[in-house]
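Colleague: I should like to learn how to read a model of this kind. May we begin with confidence and then turn to strands and cavities?

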Amino acid sequence: MFAGAAHGPDFGDEFPLAFVGEATHPPGMNDAKRQDRGAGPIASLGLLALVALLVRAQGFGNPVTGFDEQFYLLVGDRMLQGALPYVDIFDRKPIGLFLLYAGARSLGGDGFLAYKLVATGFVVATAYGIQRIARRFAGPVAALGAAILYILWLNLMEGEGGQSPVFYNALVLVAASLVLCAVERRGGLFACGAGAMAAIGVALQIKYAVLPEGFAFGCILLWLGYRARAPLVRLAGMALVWVALALLPTLVAWGAYAAMGQSEAWIFANFLSLGGQAARPLATELEGLAACIGILAPLGLVIALGRPWRHVAPERRDGFGFLLVWLAVTVVAVLLYGRFGSPHYAMPIVLPATIVAAPALARWRRGWLLALIAVIALAGQVVLALSERAKGGADEARAVARAATPGRGCLYVYDGYPALYMLTHSCLPSKWVFPGHLNTQDEASAAALGTDPVAEIRRILARHPGAIVDDYPRFAFGNPATRAVLREALARDYHLAACVPTGPSRVRLVYRPGPGPVPASCPSASALAAMP
């Protein structure tokens, strides 16, 4: 594997002239072919954009697509108002993700559509890169099909909005395409490595989960240099530059916080707090893993049964070997991360898997490929509809917001949509406003949050929020200690003012200060008391 690297040293700084990963054409092609080459990418990009807009449009009007991205947008919104992540609002995601959301929020409107359009742009760019790389190993129809399948598969994995892999997959693809250039000797080793590690560095500031891929890419680059008989001193120098480029964005972020006197807050949120999280029950994680495997199974079968490596031209086998290694690394990284509460954790696998599948898809009749695309597209729309039915959509979210808009003080969402803070234009009652930080078992310690969750919820309730939102039935892995404090305060100082169904078996409870009538549509007092 990667045997071509041993043919002789090539440490020049030149980048390939074509788009990274693009199929090259033999010398002497005529002007007509050059024109086709220019028109092809535009047509492909337009088609991919159209597909992405069509299949993702169902969620464009839904402000409560996913709890995580609701919170990311809230952080971005408050950053534009002067709030500082980790200091004023706690979370563990790197600053780059929040900067993306702040940028989307600055585009205007209510922010919910804007971030989804920005995310769609990243999806289209990633799909286009998939198509250009896959074209090196398969025909144009199969390469385009692989790119479309990437777009479609995201809808099966809670990737229809702005989950972090939607953004960082694009940067990992840039890095992978540059490593592929080095493997196939289409660019200088040092320059390709520098570009790849710079892209990984930026991706790390969207989510640190890309570290295993970045490490693997670095090892492959070093192996290429070793096989090409690079002097060890020069190879060590290149490695130092590559590592520096990969770490630079993270060091810049740390330096910026240190300059503001907030180094400790940045280090705790980004690194130390991870060790304080408790593991969820094994049975729950295994159930989530089974769901991820089921979603990825059709793509895995295309690869396993089609054996695409058998259909790659001999001169392309080194490059395809790299793709196989990349795919294996993503699978191992997802398994080692060990969190499967949402299918989006497995989204990084889809990126190399669709490229690897392209040579197998090239052996299919066009009708079969179109049938696969149609089935996955339809399945994605069904999943989106079922998800909105289960979690609620725009109508339900705005109904809860109308009921929960505080007359005075801040809203407090103990369990419910983080988007309610934006929909109600409420102030924030705490630094820990993501509901799961104070209401779940796996976050129930100061080691995970930097504060005692029971003490923090007592502080929030002591300031008498103007409205409190809770959920029924309650989360199975909730924090019983904070729940007890909330229950006591609700019984003493609040009344149940509204109950808004947000699914066939889900009701959002809105409490307001003082005594008052309980709507007949609400769960009975005995039913609420029976819940843990």
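**Confidence, strands and cavities**

Modeller: Over residues 4-9, pLDDT (the predictor's confidence in each residue, from 0 to 100) stays under 50, and the model has 12 contacts beyond four places in sequence for them; contact means heavy atoms within 4.5 Å. This is a predicted model, in which local features need pLDDT of at least 70, side-chain atom pairs count only at pLDDT 80 or more, and totals for chains, interfaces and linings use all residues. Residues are numbered from 1 along each chain as its sequence is written, and side-chain values use heavy atoms, with hydrogens and water left out.

Colleague: For which other residues does pLDDT stay under 50?

Modeller: Where pLDDT is low, the predicted coordinates should not be read in detail. That applies to residues 12-39, with 39 contacts beyond four places in sequence. The protein averages a pLDDT of 93.

Colleague: How many bridges pair strand 3 and strand 4?

Modeller: Strands are DSSP runs (E, at least two residues), numbered from the N terminus, and two pair if DSSP finds at least two bridges between them. Strand 3 (residues 494-503) pairs with strand 4 over 8 bridges, in the antiparallel sense. Y494 stands opposite P513 in strand 4, and 2 residues lie between the two strands of this hairpin. Strand 4 (residues 506-513) is also joined to strand 2 (residues 467-472), antiparallel, by 5 bridges.

Definitions and conventions. Helix = DSSP H or I, 4+ residues; strand = E, 2+ residues; numbered from the N terminus.
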